Amino acid sequence: MNLLLIRLIIFAVLFFAGLKLYRMYREWKRDRDADEQDTTAGNPMVRCAWCKVHLPESDALREKGEWFCSSDHRDKYLAEDTSEK
Ligand SMILES: [Zn+2]
């Protein structure tokens, strides 16, 4: 009778330990996924004001509050902007 009770306790302890480890694993996995999302958020996509193409902010050029995919498009945009005025 006592032996059965001990076995039940051991089984219960192992079950809860496994459950806790599983939850820790899920939390760790969620944190890792969140970190991956942060790296994408740290490099947002911007749109070229000339050709409307989307590109990462780190690859884009910024001029007068607008984003450009290349210096060529920046020059074209600025040339058109000044000619209109
Ligand atoms: Zn462009």
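Which pattern does the chain follow when read along the sequence? The answer is α-β-β-β-β-α.

**View 1. Overview of the predicted model.** This is a predicted model. The secondary structure of the chain comes to 2 helices and 4 strands. Of its 85 residues, 7% count as buried. Among contacts with a separation of 6 or more, 10% join residues 24 or more positions apart.

**View 2. Confidence along the chain.** The mean pLDDT of the chain is 89. A score of at least 70 is reached by 87% of the residues. Strand β4, residues 66–68, has the highest mean among the elements, at 96. Helix α2, residues 71–84, has the lowest, at 85.

**View 3. The annotated span, residues 6–22.** The UniProt entry, which is unreviewed, annotates residues 6–22 as "transmembrane region". In the model, this span is 100% helix and 0% strand. The C-alpha atoms at its two ends lie 24 Å apart.

**View 4. The largest nonpolar core.** Five residues make up this core: V46, A60, W67, F68 and C69. In soluble globular proteins, nonpolar side chains tend to be buried together. V46 belongs to strand β1, which covers residues 45–47. W67 and F68 fall in strand β4, residues 66–68.

**View 5. Contacts of W67.** Which residues does W67 touch, leaving out those up to four places away in sequence? The partners are V46, R47, C48, A49, A60 and R62. Two of these partners, V46 and A60, are also members of the largest nonpolar core.

**View 6. D59 in the loop between β2 and β3.** Strand β2 covers residues 54–56 and strand β3 covers 61–63; D59 lies in the loop between them. Is D59 buried or exposed? D59 is exposed, because its count of other C-beta atoms within 10 Å is 12, and a residue with 12 or fewer counts as exposed. V46 is 13 residues away from D59 along the chain. The C-alpha atoms of D59 and V46 are separated by 9.4 Å.

**View 7. K52 in the loop between β1 and β2.** K52 sits in the loop that joins β1, residues 45–47, to β2. Its phi is near 65°, a positive value in a residue other than glycine. Most residues other than glycine have a negative phi. K52 is exposed, because 8 other C-beta atoms lie within 10 Å.

**View 8. K64 in the loop between β3 and β4.** What is the phi of K64, which is not a glycine? The value is positive, about 50°. K64 is found in the loop between β3 and β4. Why is K64 classed as exposed? The reason is its count: 9 other C-beta atoms within 10 Å.

Terms used:
Residues are numbered from 1 along each chain as its sequence is written. This is a predicted model: local features need pLDDT of at least 70, side-chain atom pairs count only at pLDDT 80 or more; totals for chains, interfaces and linings use all residues. A nonpolar core is a set of buried Ala, Val, Leu, Ile, Met, Phe, Trp, Tyr and Cys residues joined through C-beta atoms within 7 Å. A residue is buried if 20 or more other C-beta atoms lie within 10 Å of its own, exposed if 12 or fewer, and partly exposed in between; C-beta atoms are placed from the backbone. Two residues are in contact if their C-beta atoms, placed from the backbone, lie within 7 Å. UniProt positions are given in the numbering used here, feature names are shortened, and annotations may be inferred rather than shown by experiment. pLDDT is the predictor's confidence in each residue, from 0 to 100.
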